[in-house]
Structures are given as C-alpha cells and as structure tokens.
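Here are a few short exercises to help you find your way around a new structure. Try each task yourself, then follow the solution step by step.

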Amino acid sequence: MSKAPRQRQGSASDGFGRTGRGKRVSEGEGIIHGEVPSRDVLLKFIADHPQQASKREIAKAFGLKGENRVVLKALLKELETDGMVQKSRKSLTRPGGLPPVTVLDITTRDKDGELIGRPAEWPEDMGAAPAVLIRQSSQDRGKKAPAAGLGDRILAKIFPSKESTGPAYTARVVKLIDRRQNALLGVFKETAGGGGRLMPIDRRGEEMVIDPDGVGDAKDGDLIEVETSRNSGRYGLTRAKVLSVVGSVASEKAISMIAIHSHGIPHIFPSSVLAEADAARAATMSHREDWRDLPLITIDPADAKDHDDAVYAEPDTSPDNPDGVIVTVAIADVSWYVRPGSPLDREALKRGNSVYFPDRVVPMLPERISNDLCSLKEGVDRPALAVRMTFSKEGRKAGHTFHRIMMKSAAKLSYQQAQAAIDGRPDDKTGPLLEPILKPLWHAYAVMKRGRDRRQPLELDMPERKILLRPDGTVDKVVIPERLDAHKLIEEMMIQANVAAAETLEKKKQPLVYRVHDAPTLSKQEVLREFLGTIGISMAKGAAMRANSFNGILARALDTPHQIMVNEMVLRSQSQAIYSPENIGHFGLNLMKYAHFTSPIRRYADLIVHRALVGSLGLGEGGITPQEEATLDDIAAEISTFERRAMAAERDTINRLIAHHLSERVGEEFEGRVSGVTKAGLFVALPQFGADGFVPISTLGTDYFLYDEAHQALTGEKTGLGYQLGDTVQVRLAEAVPLAGALRFDMLSPGRKMPVGTRSFHKAGRRTPRPAAKPGTRPPRRRR
C-alpha cells in the first residue's frame, strides 16, 4: 500500500508547504500533486509566492508535466485575459500587487511599534499605496541585515503577509538606500505670540509647532527648511526650528524645491564626492584609439550644458555594400572617471538619473564631471566609447564594432541650427559643415529610416509641452516645441547604438541591464478593445498584439474627432518601460535587444552598460566588477524606481507652476478637453497651458450620473446627456491650489447626447451637499 505523501509544515489555512525556488507544493485540501489546480488555488499561489510565479516555476511547484503543462498555460492565459493576473517581467502577479523587490519609504509605526513602509513611487490611478510591515532581523542568510529606521528609504524583498489583519505585505530589508534627513520642507504660518506653524507640503506630512526662538528670519508664507526636535511630551505636535528660508512659494525655485524634498531626491553632493570629482584628471591614451581627426559633431538643445553624444556619417566604400552608409556614434566615457564602489559611483547610484526642472537640473554627477571632463566640448580632447555601424541601402544593419577612443568634437550645433542649414539657411558656422558633415548625416538618416519604417515601432502622437519662465522664475508661456528631422536623426542613431550595445554584450554572454518594455496585458487590451468598439474601430480579442497593430488603430483614428482620445487610450494601455537584467525585448520600439548606452552622464543604467562593454571587450580600466554583476537585479529595481521618482517630481513641479500661474485667474472661463473620466468626476485639460484640472461629479448637475467604462463617459441617468473622453468643453476655473498643484473647474457645457448601446454602467453619483472631491493628477508619461 502506498503511503500518502508527507505534508510539509505550512499555513494551516491554505494547505501549501514552505516553497523555496524549485520546491514543490505539498498536497492540501483540494490539491493533488501532479494535477492542474483550480483557478482559486492558482490565484492564491501567485499572491503568496511572487518570486515563484513564472509559468515554469508554477508547473514545478504543482508537479505538472506533459499535457498538464499545456492546460496550465491555457488557464494562466485565461486568468490574464480576465484581468485576474498580470505579467511582471517573467513572473505573474495579482493586479495592484507589489513586485518581489521594491523600494520602500518607512513612513510610520503601527500600534505595536513595528515599522511600516510604503512604495517610494506608486501610480495615483492605482489608489492608495499598500502598507508594508518591515521585518527587522539580525540575521539574513548568515549576514547581518541592515538596520532601518523611521524616515529611511530601503530596498526590500516583499512577501505576502500570513496574518489576517494588518498590512497585506511584509518586507525584509536588503539594502539601506538613504538615511533619514532631519531637514523637512514646509510653509511658515505666523501665530500669535511670535511663533508659528510649519504647514506640510506633502499629503502625508504633519503640521509642526515652531517656537518664537526657532523662527529665525522666516516670514508668513515663506517656504522654509526646518529641523525637528523631540516632542515635549508623549502627545501633541512635533516641534521644529527653522534652518533656512528658501523663499516665496510663488517662485519657481521654491516650487522645484518642494518636489525635490517631497520625493526625497538627493540634491546636495557630499564633500567626499565633490573632492573626488575635483581631483579627477584628464583621461590618458591608455587602451585608446586616436580619432581626433574624425569630424564628429554634437547636436543638442540650444540651452544644453553637457554634451554626451557626437555623430558622424559617411558612405560605405565597400563593394559588398553598394550605396550603404557607415554611422559613428561616440558617447562620453564616464566609466573612466566613475569607478565601481567609489564615492562618485555610490552617489550616482543613489540618484539613479538626473532630474530636469524648468529652472534647474539636479544632476546625477557633479558639474566637474558632467559639464567638464565628460562633456564632448567643441575643439577639446575628450575620451569616449564609440560604435561604428554599417547599414545597407535598405536600412538593415550589416555589422558594428565598439572602440575606446580619444576624440575632438568638430562643432557644437543646436537642433534648430543644424535643421536650418539642411533647409537652405546655413549660418557662418554651419555653412562650411554642410557638404562634408551635415548632408552625409541626413543621407544616413534617410537610409536608417527605411529600416525604422519597416520595423514599425509604436508611433504615438503625444506632443510634449515646455514651460518658458520669466526672469523672476514665474511662468511666461507654455509652448509645444517643433519636432524637427534633426531630433529624429539623433533619436534613431541613439536607438541603433543602444541596440548594438545589447547585441555585443549578449554575444559576449556578459550580464547587463536591459531597457525592457513588456507588451500590454490582456486585461488592458480588453479595456482598449471595448472602448474602440464604441467608436466603430475593431480590435481582435485576445490577439497577440505588436506595435504596428496599434499603429493601424492610430491610423484609422487619424483626422477624425476621436484622434486625440484614441492616442490617449492607446498610451494608457501600454506597460511601463523599466530596467531589468532579464531581456524580454522592447515592445514599443519593436526591438528584441535594447540597452541604454547613450547617456551615461545622466543615467546610471548607461554607466553599467559602458562598464560591461569595457570589461567584456578588454578595453582597459573601469570595467564592470563581479560584485556589480551579482547585484544587477537590485540595481535594476533601484534605478527603475528612481526614474519614476524623477518623472513624478518633474510632473508635480509643472502642475504647481501652472496652478500658481492660473491662481490669479479664478473665475475666468476656458475651453478645455475631457482628458480623463472616473467615477468621481472628470479631468479637463487646458491645452494652451499643458494643465489638467478636476470637475467633481457633485458639481455636474442634479441628474444621477452613470460611469460607463467602455465608452469612457459619464452619462445622466434621466437626460442621457453626458461627457466623454476627448470632448471639447467650456469650464470655469473655480479654485487653484499652487502648493498642491491642483485646479478645480466648474462645468459650463451642458453635455451631449451619449451613444446608446450595450454598456457596462457603474454607479457614479449625483449632486449632493458633500464636499468636492480632491483634485488629482494625470498618469505619468511613458518613457523609452
């Protein structure tokens, strides 16, 4: 008689045993090892084991083989189609769940004194960020775990909680990223008696008391930095002392400082980092080829202070490649100056990337490195890593080689300057460059564009807006910069250089950090498909979508009243591009291998790729180390989070600037466009300002409004009148809150008759005396 398999000790409620990587699931109630589990069992397993939720690991955990693996694959696809699970790199997660490795900010303690953290960056359209209980352990796999405290930022391993109450997740500290900074930012409000209060600028912040002897030079309405002190007692507000006065909250300087502080962006270089940068000396010719006679040129924005890429193109004279071209891209050799484990390196990883605001840049590297030694200045010797790429006349890459070089830029041009020369308006500088350098570059771009057109990357029409400031730091106007062929030329050459870097490192079997972009989840595809159906555009259900499939959808909406909202809905359906040591390709660019290589001055990911190339190709000093290779998972998680942090800070600053710009125009009427529809109300964009405001559903009228997700509309139950994504409407500015970056509108347009058909209605709301909903912000733009 065969004995029943012994069950490993695990959760009494779920019947699962303790499962490490590759270990099987023990049989429990309703689970038979070797048979495909039910939907509910699969969903619980995926939620409880985020690090073991790839198709392969699930099959191994349940002991599935042969035909049962095919059944499992179909069941998982069904769950994904139904929106019950979503892809996270190669694993599956429950929607809204945390990835296995996450950056957390420790924000508070629970009633038992345990530390509670929340994700450092969390999309606002996903609701409140989940709380995570931080488990402090003195031992972690034989090594002492870092000790974290309130206010710290940590990299953590995430685990579903086994408790029925409290936070849904627990975490183990992997790495302490940033210690708590005592300086906090807020707005000073005077109180009777000479003291004051610190009014928080963050929704999670707290009000603090400032005693008269701690006020310093602060005046009512000033943005101030304070240092906290211990409470005078167990209860009551925290007491603080003014450290510095940043300035009036009306200035852009103050507004960008709010974003820097509220997102925890490091903006002051430690003295050890500055000392290392100041001590750096020009690179030598060791392991370098002398390319100083090659007339590489830089083409950048007119106001650029650092120049990390240069380009050159020429015809390929090889008889084996008739009418082909050779394109050379040279990138500043940051790896020569920023060595693994040095103070410069640690600070660069802590920042992850440079952050750009309308009035300033918070750089990843000190100016001595970014604006001097690593900036490819005109007529100055500079070290670089260069890739020489050969393309056929059809735009197919025939090959490429990497070189560590010394170069000397022949010219520094702006995009507008280079474009004007090609368009027949050369100036004194571009005139001599037109025939030998600029025209060959444009010819090479025309060749490369044939390859791009054949590849068909996703082509969304979402123009970026730029804020222009007055000398006093306030908003002058918002413009949409013209998209020139000069921009497209540099973009395509950088993309191909990035592809070449990934291909070379893969061929060398060298670990690296890829730039990956997953295909849209089936649940997001379904939302898009239902929406498109309401405007007469078909989209196959459950089909394997490619980037050109979305281009077809965009083409069908071109020059129709639905063009803008179709572009927005396609954008919302896309996944977020991230960094990962595991390659899943780049969906948006329609590329199988892609790694960021071209901006090591401002992105840590590119610096890692440079080091990997130097090491794997034997190009001298500054290569990647075994220690770095072993931590690429953690590095990728950190820099992906820091990128989202930068995007959020940039967006918040723009929202606050625009809100302040419009704060004196409360009561005025504007023409806008419905840019978002929720159960709580409507987001309305003012295109001329690049701003979004909110219309609470409680202010729309006396009708009861129904939320129609498929049509992206709010429709009056009695009248049938409503508002849909993309509608042009008239609104009145009812409120502007500069510190929150929020605008609230009153709707003036009566709405239009909404289409009748099969809809999935959800209760929304009617006019009641309850307070208006708090304005929010739009989802962040996707970055490549």
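Helices and strands here are DSSP runs, numbered from the N terminus, with at least four residues for a helix and at least two for a strand. Counted this way, the chain of this predicted model has 16 helices and 35 strands.

**Exercise 1. Confidence**

Task: Find out over which residues pLDDT stays under 50.

Solution:
- Start with the whole chain: the average pLDDT is 83, and 83% of the residues score at least 70.
- Next, look at residues 1-30, where pLDDT stays under 50 and the model has 53 contacts beyond four places in sequence.
- Then turn to residues 766-782, where pLDDT also stays under 50, with 50 such contacts.
- Keep a general caution in mind: where pLDDT is low, the predicted coordinates should not be read in detail.

**Exercise 2. The span of a helix**

Task: Check whether the end-to-end distance of helix 11 agrees with its number of residues.

Solution:
- Helix 11 covers residues 522-534, which makes 13 residues.
- The expected span is 1.5 Å times one less than the number of residues, so helix 11 should span 18 Å.
- In the model, the C-alpha atoms at its ends are 19 Å apart, which agrees.
- Now see which residues are buried: in helix 11 they are Leu522, Gln525, Glu526, Leu528, Phe531 and Leu532.
- A general point helps in reading such a list: an α-helix has 3.6 residues a turn, so residues three or four places apart point the same way.
- Finally, look past the end of the helix: glycine 536 follows helix 11 and has a positive phi, near 80°.

**Exercise 3. Two glutamines with positive phi**

Task: Decide whether glutamine 456 and glutamine 712 are buried or partly exposed.

Solution:
- As background, most residues other than glycine have a negative phi.
- Glutamine 456 is not a glycine, yet its phi is positive, about 55°. Glutamine 712 also has a positive phi of about 55°.
- Locate them: glutamine 456 is in the loop between helix 9 (434-455) and strand 22 (466-469), and glutamine 712 is in the loop between strand 29 (705-708) and strand 30 (713-716).
- Apply the cut-off: buried means under 20% relative accessible area, exposed over 50%, and partly exposed in between.
- Glutamine 456 has a relative accessible area of 34%, so it is partly exposed. Glutamine 712 is at 5%, so it counts as buried.

**Exercise 4. A serine in a loop**

Task: Work out which residues serine 335 is in contact with, leaving aside neighbours within four places in sequence.

Solution:
- Find serine 335 in the loop between strand 16 (325-332) and helix 6 (343-351).
- Its relative accessible area is 0%, so serine 335 is buried.
- Its contacts are Arg404, Leu607, His610, Arg611, Val614 and Gly622.

**Exercise 5. A cavity**

Task: Describe the lining of the second largest cavity.

Solution:
- There are 2 cavities of 30 Å³ or more, and the second largest has about 40 Å³ of space.
- The lining consists of Asn655, Ile658, Ala659, Ala691, Asp692, Gly741 and Leu743.
- Sort these by class: 4 are nonpolar, 2 polar and 1 charged.
- Trace where they come from: helix 16 (632-662) and strand 28 (691-696) each supply at least two residues of this lining. Helix 16 gives the largest share, 3 residues.

Key. Residues numbered from 1 in each chain as written. Predicted model: local features only at pLDDT ≥ 70, side-chain atom pairs only at ≥ 80, totals over all residues. Heavy atoms only, no water. Buried < 20%, exposed > 50% of the residue type's maximum accessible area, 1.4 Å probe, protein only. 1 Å grid on protein atoms, 1.4 Å probe; cavity = no way out; pocket = protein on both sides within 12 Å on 5 of 7 lines; lining within 4 Å. Points joined across faces, edges and corners; volume = space filled by probe spheres on them. Nonpolar A, V, L, I, M, F, W, Y, C, P; charged D, E, K, R; others polar. pLDDT = per-residue confidence, 0-100. Contact = heavy atoms within 4.5 Å.
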